[in-house]
Amino acid sequence: MTTTAHTSPAAVSARDLTKVYGSGDVAVTALDSVDVDFARGAFTAIMGPSGSGKSTLMHLLAGLDSATSGRVVLGGTELTSLSDKQLTVLRRERIGFVFQSFNLLPMFTAAQNIALPSQLAGTTVDSDWLDLLTSTFGLTDRLTHKPHELSGGQQQRVAIARALSTRPDVVFADEPTGNLDSRSGVEVLAFLRRSVRELGQTIVMVTHDPAAASYADEVVLLADGRIAGTINEPTPDSVLAGLDALRSAETTGMAR
Ligand SMILES: Nc1ncnc2c1ncn2[C@@H]1O[C@H](COP(=O)(O)OP(=O)(O)OP(=O)(O)O)[C@@H](O)[C@H]1O
Ligand SMILES: [Mg+2]
């Protein structure tokens, strides 16, 4: 799967994507004509300074908010052409979400949390896929536990298994290690990478942490609502250097 990761068509793409919040004097251009492709079967990190548009881009790619202009295409479907109801179904069936705060339902077991998206869609999780997910994420002997009986790292692994349970086109992860200590964070990142390498999934992750970004196959840098560059096979050092270059470009007025 990894050999075709960068040659297969994009899992999700943005074309000329612009988002303006407010109007007149208070208008803020959060995204400015962004063109970007996120490869199927790849792990991509989005990085950039605070306010550069990372969350806005992720929300538009995931159909959680609408663009001012431009297009998002996810797994061959143009999101702007969909009604609210169609968008809701698409989000439920073809997108997975992983949040900083895990967002598990406290009264349900790990197994019940993982099965929830399928249940909402009126289907069941394929049992072979469920077995593969729980063994890959080291959850097999934790399935009957409720979230409060699990460590933070284990809870986030349940949340990732839940996000992957419907075999979505893309999993969007917003600061997935933000609430974890560094050891649990590293573990969760390793599992995210395994789900790409071994299970062929597609992950787009927003992070502030160069060490976290180094688990990705590629880093997309955002500055001022624009794509400011990409870093292939990132290392913590190359990511730091990329972010430093953005900062010095900004202070010398060369950002655009
Ligand atoms: N609902 C909103 N209304 C008005 N402006 C907004 C809104 N959401 C975001 N913005 C503005 O759009 C720009 C991009 O915001 P965004 O949240 O996408 O940045 P970010 O890169 O995710 O930042 P951070 O790293 O701090 O999370 C910022 O200038 C922000 O103030
Ligand atoms: Mg943000």
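This passage describes the two sheets of a predicted model and the helices that pack against the sheets or against each other. Residues are numbered from 1 along each chain as its sequence is written, and local features are reported at pLDDT of at least 70. Helices (H or I, at least four residues) and strands (E, at least two) are DSSP runs numbered from the N terminus, and two strands are taken to pair if DSSP finds at least two bridges between them.

An open sheet of four strands is arranged in the order S2-S1-S4-S5, with antiparallel pairing. Strand S2 (28–39) and strand S5 (77–78) stand at the edges with a single partner strand each, so one side of each lacks a neighbour in the sheet. Strand S1 (residues 10–21) runs antiparallel to strand S4 (residues 69–74), to which five bridges join it; Val-12 has Leu-74 of S4 as its bridge partner.

The other open sheet described here comprises six strands in the order S6-S7-S8-S3-S9-S10, and its pairing is mixed. Strand S6 (95–98) and strand S10 (226–232) are the edge strands, each pairing on one side only. Direction ignored, neighbouring strands of this sheet are turned by 20° against each other on average. S6 and strand S7 (residues 170–174) run parallel and are joined by four bridges, with Ile-95 opposite Val-170 of S7.

Helix H1 (residues 54–61) lies across strands of both sheets (contact: heavy atoms within 4.5 Å; angles from 0 to 180 degrees between N-to-C directions of axes fitted to C-alpha atoms, for helices over the stretch in contact). H1 lies across S1, S2 and S4, at about 120° to S1, and also across strand S3 (43–47), S7, strand S8 (203–206) and strand S9 (218–223), at about 155° to S7. Six of the eight residues of H1 are buried (under 20% relative accessible area, 1.4 Å probe, protein chains only), so the helix is largely enclosed by the rest of the structure. The buried residues include Leu-57, Met-58 and Leu-61. Just after H1, Gly-63 adopts a positive phi of about 70°. Helix H2 (residues 84–94) lies across S6 and S7, at about 70° to S6.

Helix H5 (residues 152–164) and helix H6 (residues 182–197) have axes that come within 9 Å and cross at roughly 20°, which makes H5 roughly parallel to H6 (angles under 35 degrees). Residues in this contact include Ile-160 and Leu-164 in H5 and Phe-191 and Leu-192 in H6.

Note on methods
Chains lettered and ligands numbered in written order. Predicted model: local features only at pLDDT ≥ 70, side-chain atom pairs only at ≥ 80, totals over all residues. Heavy atoms only, no water. Buried < 20%, exposed > 50% of the residue type's maximum accessible area, 1.4 Å probe, protein only. Parallel < 35°, antiparallel > 145°, perpendicular 65-115°, else oblique.
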